[in-house]
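Student: I have a model open and would like to learn how to read its features one at a time. Where do we start?

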Amino acid sequence: MSDQEKFDYRPTVFLPKTDFPMRGSLPQSEPKRLEQWEEQDLHGQLRKARKDAPKFVLHDGPPYANGSIHIGHAVNKVLKDIVIRSKSMLGFDAPYVPGWDCHGLPIELKVEEKFKKKKRKKEDISDSEFRAECREYAAGQIDVQREEFKRLGITGDWENPYITMDYAFEANTVREIGRFLENGGLYKGAKPVHWCVSCATALAEAEVEYDDHTSHSIYVKFAAGEALTDIAPELTGDSFEQISIVIWTTTPWTIPANLAVSVGPGIEYSAVKISAAGKNANLQTGEILILAEELRSDVMCAIGAEGEVVARFDGKKLDNRKFRHPYLDQDAPILVGDHVTLEAGTGSVHTAPGHGQEDYEIGIKYGLKAFNPVGDTGVFEEATPVVAGRHVYQANAIVIEHLLNCGALLETSEVRHSYPHCWRCHKPLIFRATPQWFISMDKNELREKALEAIKKTVWTPAWGENRIRAMVEARPDWCVSRQRNWGVPITAIRCSACESHAVTTPEVLEGIATQVEEGGADVWFARDVAQFLPAGARCPDCGGSEFEKETDILDVWFDSGSTHACVLEKRGDLGSPADLYLEGSDQHRGWFQSSLLESVGTRGVAPFKGVLTHGFVVDKNGNKMSKSRGNVIAPQKIIQQMGADILRLWVASSDYSADIRISDEILKQLAESYRRIRNTIRFLLGNLDGFEPGRDGVAVAERQPLDQWASHRLSELEQSVHDAFETYQFHRIHQEIHNFCSVELGGFYLDVIKDRLYCDGADSARRASARATLYDLSDTLIRLIAPILPFTAEEAWEFLPGSDNQSIHLQPFRPVADVAVDARGWDQFFSLREQVNTALDQAKKDKVVGSSIAATVTVPGLDAAFAERLNESYEQLFIVARVEDGANVTVRAAEGVKCPRCWNVAEPADPAHAIHNELCPRCLEVVTAS
């Protein structure tokens, strides 16, 4: 065996060396990192480090304290955390105060279940005991969710969150509703509201969801109650009772509450004289039906009859004419209203002011009361004919049968349509007029002021502005009362004699709020009304001295809508208006809107400067997450299997402006992307072994042109990512960083400089230039990924030479100085390189060469000056043995000897050397010099 064969060149090669592991083992390492951050009080350190910086406030919309977090929670909190962390690294003081929404029906229902298991009925439980159980349950749920949010790597003031059931918060909520009572925006009235008969409470618009529902549709005759020949001479017959106006409705159960029929003022109506009744037992030849002309043909087909038009007239002529209820001994006058359309039905609308908003409004115009015979649980009152004591769900069939028997029903069928459902129990809702508390949309110009505030807000995505604008323009008055136990009471005091609330002065309200601050909202239910009034109090309106407390509680959306007042204005580290509210797109009709209306109604301005909304999580096929479908993916499972950083990378990589898709395949792809980024950083760190920035740094202007190109691209990347963080385009960040790592670094630059990193002399200028560039790449990339991959960034930061002992999350982003490059020359080079790489890949498949470094390529149109300006050879840039100018791109095996140290194919420097006779010139110089 020769000396040459015995010589080991491995010690002479500078291979990458780092303790930064290839595998992140995130499920095991992340919990340890969380403990470390907690021990170090990282959040406290960050607050101190940024105390004098400009403020940026993202206000947390409070999740509901009930159950473990789901994937939607994870998306929301991670997006918020990316904003907070990036704003901090952009130089802002960006505190994050998490919050929880704690009142409301779901918690009540959980507590009711608990008592049921103990064989205790709700009516036997005192208000104070029941509310205490609700408070205890909510506190336990907060503890569960807090730990799950922290496991996501969410930074914030977890030890001092805001909680809507805290005494101070409840007291400030009392003050906020008192502001509306004082300025006249709050009033009590009997109006139809969305009502859940299952939950036995009113609902606000934000608590209504729409789903498909099968309803009974009916065509019903309302016979004339007076002669109509003055409208048209043809409206005659044996008696005016043979003339009917026909309505169509999908809520037969509301017929018992009918008080009128509405028609459109600009709609043309036809009087149709029946010539053939077909099989319709409730039609007779010669009777006349009044229908909208445009819908006449469809209606006649539906009821199976034929007839001729004997007269036409517009709806205005029917105004206040007397018709009769189909089976009750009462009139149903004709009302004329613009709400009547020709989209479906007959052009004549059955009107029950107690069961519909538009019915109510037209009823008010004509002096009709909002009559409602349905009780809280959906059961008709005992005095209601035909359906007494029956539930509204049963009433449809009963009413239809009675209408058929009394001769008024012309046709019935089933229709599938979108229908309002309760967001809690998911059962169909009804409209029901009951005494409720409302915030007027028109008093104090609340609607106009809210619309103006919407215009001044920055909406991301921009379509959010039109969405919420349309909702505010069309929304009715805000129903803020609920008929439940667990919530902040509407602390109004009513005169027993005249029912005025005038005794509830601002001074009285402040006294109530002070008591709530000391003992919580429970004091309202536990103490006598006299304890909230000054001695000798009398009603300012009638002089009465007997008073009662209102018993309704506030809509939980008012609770959360008041957080700008109860949190932002009360905490010195925050401030109002917030710079950003960030929630799901459903909050345009929820928290965004309730917060807007509460703030505008009490302060005249929006509580936010900007609003960002994200879509919902769906499966890979675009289907909504549902346990019944079996497509739910729990964030806890992802974290346990892959780690929180993978989950965070999925969130960041998704375009949140639309629905966000997730699947095992998508997560696997993101895990691969994560590995590419991690291993790129590992390669960079590995080639910085022994590097000291102060000693080994090289100014960008003094580096090799190839390294200057890398610095130029790094500068462009940093600026692009910087801008994307500022504009919340996080998916762009993932795309650009991943592309930079895999294409520009892994696919070119790092490949080219490996040779000089591993095989040049330790002190060579080329190697020093490259290593200084790798340091900049490492330092910048670790900073850029920190808001998205906080665990990985912290780990990598600890292995970066020269990094201080402070966390990466205390560091700022660092702009990279740009350097001018020959952009045109580089574009031409990469175009040529693509052709060369394609030819090399084919040559490897054809077994012409085993690797590119053993190939000779011919390339047409080589720009020798470009390579000279770079101080590089085309052999180095293409990573081949030899490059020749030629007519076409071709590849052949290179002539020469494979250098045993660098593996490049070339002519040996000294074939006669006793030991190193196969080394290339560069390697011989390095080895013999050492």
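Tutor: We go through ring pairs, helix packing, burial and backbone geometry in turn. Keep in mind that this is a predicted model.

Student: How many aromatic pairs are there in this model?

Tutor: Two rings are taken as a pair if their centres lie within 6.5 Å. By this rule there are 35 aromatic pairs. One of them is Trp 709 with Phe 748, at 5.4 Å centre to centre and 85° between the planes. An angle over 60 degrees counts as edge-to-face, and that is the class of the pair of Trp 709 and Phe 748.

Student: Where in the chain do Trp 709 and Phe 748 sit?

Tutor: Trp 709 belongs to helix α22 (residues 705-726) and Phe 748 to helix α23 (residues 730-759). The two are 39 residues apart, and their pair links distant parts of the chain.

Student: Is Trp 709 buried or exposed? And Phe 748, buried or exposed?

Tutor: A residue is called buried under 20% relative accessible area. Trp 709 has 5%, so Trp 709 is buried. Phe 748 has 2%, so Phe 748 is buried as well.

Compare the pair of Trp 826 and Phe 829: the centres are 5.7 Å apart and the planes stand at 85°, so this pair is edge-to-face. Trp 826 and Phe 829 both lie in helix α26 (residues 823-845), three residues apart, which is about one turn of the helix. Trp 826 is buried at 4% relative accessibility, and Phe 829 is buried at 3%.

Student: Which residues do ring pairs link into a cluster?

Tutor: The cluster consists of Trp 709, Phe 748, Trp 826, Phe 829, Phe 830, Phe 866, Tyr 874 and Phe 878. Both pairs just described have their members in this cluster.

Student: Which charged ends sit over rings?

Tutor: Take two cases. The charged end of Lys 77 sits over the ring of Phe 149, 4.8 Å from the ring centre. The charged end of Arg 767 sits over the ring of Phe 14, 4.2 Å from the ring centre.

Student: Back to α22. At what angle does α22 pack against α23?

Tutor: The angle runs between the N-to-C directions of the two axes. For α22 and α23 it is about 170°, with the axes 10 Å apart. An angle over 145 degrees counts as roughly antiparallel, so α22 is roughly antiparallel to α23. On the α22 side the contact includes Leu 706, Trp 709 and Arg 713; on the α23 side it includes Phe 740, Phe 748 and Arg 756. The residues of this contact divide into 16 nonpolar, one polar and six charged.

Student: And at what angle does α22 pack against α24?

Tutor: Helix α24 (residues 765-785) packs with α22 at about 10°, again with axes 10 Å apart. An angle under 35 degrees counts as roughly parallel, and α22 and α24 are therefore roughly parallel to each other. Among the residues that meet are Asp 707, Ala 710 and Leu 714 in α22, and Arg 766, Thr 773 and Leu 777 in α24. This contact has nine nonpolar, four polar and four charged residues.

Student: What does Ser 88 touch?

Tutor: Leaving out residues up to four places away in sequence, Ser 88 touches Leu 46, Arg 50, Ala 94 and His 809. Ser 88 is in helix α4 (residues 71-89) and is buried, with a relative accessible area of 2%.

For a charged example, Glu 133 lies in helix α6 (residues 127-151) and is buried at 15%. Glu 133 touches Val 111, Lys 114 and Phe 115, with the same sequence neighbours left out.

Student: Which peptide bonds are cis?

Tutor: Most peptide bonds are trans. The bond from Thr 460 to Pro 461 is cis, with omega near -5°, and Pro 461 lies in the loop between β16 (458-460) and α12 (463-474). The bond from Ser 576 to Pro 577 is cis too, with omega near 0°. Pro 577 is in the loop between α16 (563-568) and β22 (580-584).

Student: What is the phi of Lys 119?

Tutor: Most residues other than glycine have a negative phi. Lys 119 has a positive phi of about 60°. Lys 119 is in the loop between α5 (105-117) and α6, and counts as exposed at 76% relative accessibility. Trp 903 also has a positive phi, near 70°. Trp 903 is in the loop between β29 (897-898) and β30 (905-906) and counts as exposed at 51%.

Technical notes: Residues numbered from 1 in each chain as written. Predicted model: local features only at pLDDT ≥ 70, side-chain atom pairs only at ≥ 80, totals over all residues. Heavy atoms only, no water. Phe/Tyr/Trp six-rings, centres within 6.5 Å; stacked < 30°, edge-to-face > 60°. Helix = DSSP H or I, 4+ residues; strand = E, 2+ residues; numbered from the N terminus. Buried < 20%, exposed > 50% of the residue type's maximum accessible area, 1.4 Å probe, protein only. Lys NZ or Arg CZ within 6 Å of the ring centre and 35° of its normal. Axes fitted to C-alpha atoms, helices over the stretch in contact; angles between N-to-C directions. Parallel < 35°, antiparallel > 145°, perpendicular 65-115°, else oblique. Contact = heavy atoms within 4.5 Å. Nonpolar A, V, L, I, M, F, W, Y, C, P; charged D, E, K, R; others polar.
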